[in-house]
Amino acid sequence: MMAGTATMRFGPILPRSFYERGTVEVARGLLGKLLVHGGAAGIIVETEAYLGSGDRAAHSAVGLTPRTRVIFGPPGHAYVYLIYGMYHCLNLVAEPDGTPGCVLLRALHPVSGLEEMRGRRARSAGDLASGPGRLTRAMGITRAHNGADVTRGRLVVREPAQAHPVEIAVTARIGIRRSADLPLRFLLAGGR
DNA sequence: GGTAGGATGGGCT
DNA sequence: GCCCATCCTACCC
């Protein structure tokens, strides 16, 4: 018989109303939740908020273009883009429809589908899903998921099996030049 | 322990 | 043509 972890049940899928809030609230609220893609799942332990106004690091700062269309669309959808020609980054869209804002998922603590996740990484160096590029590779997320509704379907965010109080650390965001001093990176304490 | 540079392609000016 | 919301390897203390 298959491993018991494969049938582990999680809590309910986060509803669209979860995402239809301010981007910072969503970025903080996602910590401790479960990102699930098929049989692979991990606890979200690091996020960054990219704001619709006053944030020159956000892709949406250039305005509405074919690329940024999803960020301006309805909340609870995935915004996935290719960075440096080889890595994908996964964001979840926040704010009401028409207002830009999204949350970059930077790290997971894997809890299910570990072999599946390892299998996607050529030669593992570093943590399995720590870092936005590693996270998408381990979870099998590509640009094919751009625009996907994460409140239904194969790629979703769920409540954990049992919630526990979370302590959140706040720092500046990683790897950006513009608006680099804004305190918009959120980490689950002990999640690094 | 640390840092520097290359891989590699799409989006925007 | 330049700029990346990165990662990995090589090399140097």
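This passage describes the residues around DNA strand B and the aromatic rings of a predicted model. Local features need pLDDT of at least 70, side-chain atom pairs count only at pLDDT 80 or more, and totals for chains, interfaces and linings use all residues. Residues are numbered from 1 along each chain as its sequence is written, chains are lettered from A and ligands numbered from 1 in the order in which they are written, and side-chain values use heavy atoms, with hydrogens and water left out.

The residues near DNA strand B (those with a heavy atom within 4 Å of it) are Val 62, Thr 65, Arg 67, Tyr 84, Gly 85, Met 86 and Arg 143. By class, three are nonpolar, two polar and two charged; Val, Met and Tyr count as nonpolar, Arg as charged, and Gly as polar. Sugar or phosphate accounts for 58% of the strand B atoms within 4 Å of the protein, and bases for the rest.

Two polar contacts (pairs of N or O atoms within 3.5 Å) can be described here. An N or O atom in the side chain of Thr 65 is 2.7 Å from a phosphate oxygen of DNA strand B. At Tyr 84, a backbone N or O atom lies 2.3 Å from a base oxygen of the strand.

Two aromatic pairs were counted, with ring centres within 6.5 Å required for Phe, Tyr and Trp (its six-membered ring); planes under 30 degrees apart are stacked, over 60 edge-to-face and the rest tilted. Phe 18 and Tyr 19 form an edge-to-face pair, at 5.1 Å centre to centre and 80° between the planes. Both residues, Phe 18 and Tyr 19, are buried (under 20% relative accessible area, against over 50% for exposed and in between for partly exposed, with a 1.4 Å probe and protein chains only).

Charges also sit over rings (NZ of Lys or CZ of Arg within 6 Å of the ring centre and within 35 degrees of the ring normal). Arg 21 lies over the face of Phe 18, 4.6 Å from the ring centre, and Arg 173 over that of Tyr 50, at 4.5 Å.

Definitions and conventions. A polar contact is a pair of N or O atoms within 3.5 Å; within protein, one must be able to donate a hydrogen and the other to accept it, and residues adjacent in sequence count only if both atoms are side-chain atoms.
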